[in-house]
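Grab the model and let's work through a few exercises together. Try each task yourself before reading the solution.

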Amino acid sequence: MLKIDMHTHILPAKLPRFAEKFGYGDFIYLDQREDGAADMIKGKDYFRTIQPNCWDEQIRIEEYKTNNTQVQVVCTIPVMFSYWAKPKDCLELSRFLNDHIAQVAENNPKNYVGLGTVPMQDANTAITELERIKELGLPGIQIGSNINDKNLSEEEFFPIFKACEELDLAIMVHPWEMLGMPSMKKYWLPWLVGMPAETSRAACSMIFGGVHERLPKLRVCYSHAGGAFIGTIGRIEHGFNCRPDLVAIDNPVNPREYLGNFWVDCITHDEKALKYIIDHVGSEKVCLGSDYPFPLGDLTIGEFIEKGDFDDSTKANIFHNSTIDWLKLDKSQFI
Ligand SMILES: [Zn+2]
């Protein structure tokens, strides 16, 4: 069965020294190591060591073969978003990353689809890059769950979402700059607790801010099975009903109504949790995702679904139909 993994991260093998070029900022650069790996350096601080499977498209294809998966939807690593930078500099960085991702997809059309990144901190600049992303042939973009700590419901972001709808570009919302991060660094809590909360923050903001309501054709996928959103939908709905004066101020529609309107990936690491997600949004809205090549990802790429108690049509939806729908892909591209 065709498998499309819609949540994977990639970087170019080399990054320009943007901090030196722009004269400020903690832009990421790559320090190549003698053992073949590379250290990501943020400003002067070590961020993370990455292996060649983070940038080598052929190694990735081979690794994916061992996991019975043909297609990877690649996007950048959220630390590259750089929404804190001056818009024109973030635009230059975004263009560099988008050109690379478009090239990877063009080189290997049966194995790669790409998502772009844009300077969300400035709507006009973001929209110019959205138009270029469309010309590059990428079917969508990845954005952060907040933009410099502003919620996605802020009106300044609405023109970007509107442009995505008009240009027919899909959106993947990825948690980053997690809430509570400064006070809970221990035990990897920003990743284990902050990320699911952050994705729920994004989904609640988009729903309560009326983004989904005003842009019904906008195709959004929330990472990590929607984070905490779907697991706490009962609480969120109850809050909407009991305190509409706080919750329903910008959109009078019950948040539960949006289940089945957006997509989520399947990254739950738990068969029962995935069944709960499917019960709430339908398998046609659940996409195979892995978060490859990072350790918190599902690095056997949906093996728990292959071996799990799911019927063939559910598997077909998760493994390819949902992503084909979300990104409006042509299945024949991969055959
Ligand atoms: Zn990810």
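Here are three short exercises on this predicted model.

**Exercise 1. Work out how the overall dimensions fit the chain length.**

Step 1: Start with the count, which is 335 residues. Step 2: A compact globule with that many residues would have a radius of gyration near 20 Å. Step 3: The protein has 19 Å, which agrees. Step 4: Now look at the box around the C-alpha atoms, roughly 60 × 45 × 45 Å along the principal axes. Step 5: Finish with the contacts: of those with a separation of 6 or more, 71% join residues 24 or more positions apart.

**Exercise 2. Find the hairpin made by E3 and E4 and describe it.**

Step 1: The protein has 13 helices and 11 strands, so you'll want the residue ranges: 38-42 for E3 and 45-50 for E4. Step 2: These two strands run antiparallel, with five bridges joining them. Step 3: For one pair, look across from Ile41 and you'll meet Tyr46 in E4. Step 4: Two residues sit between the strands, and Gly43 in the turn has a positive phi of about 65°.

**Exercise 3. Explore the largest nonpolar core, using Tyr222 as your way in.**

Step 1: Of the protein's residues, 44% count as buried. Step 2: The largest nonpolar core has 85 residues. Step 3: Tyr222 is among those touching the most other members, along with Ile171, Val220, Cys221, Cys266 and Cys287. Step 4: Skip the neighbours within four places in sequence, and the contacts of Tyr222 include Val173, Phe229, Phe262 and Val264. Step 5: As background, nonpolar side chains tend to be buried together in soluble globular proteins.

Definitions and conventions. Residues numbered from 1 in each chain as written. Predicted model: local features only at pLDDT ≥ 70, side-chain atom pairs only at ≥ 80, totals over all residues. Core = buried A, V, L, I, M, F, W, Y, C linked by C-beta atoms within 7 Å. Buried ≥ 20, exposed ≤ 12 C-beta atoms within 10 Å, placed from the backbone. Contact = placed C-beta atoms within 7 Å. Pairing = 2+ DSSP bridges. Helix = DSSP H or I, 4+ residues; strand = E, 2+ residues; numbered from the N terminus. Rg over C-alpha atoms; globule rule 2.2 N^0.38 Å.
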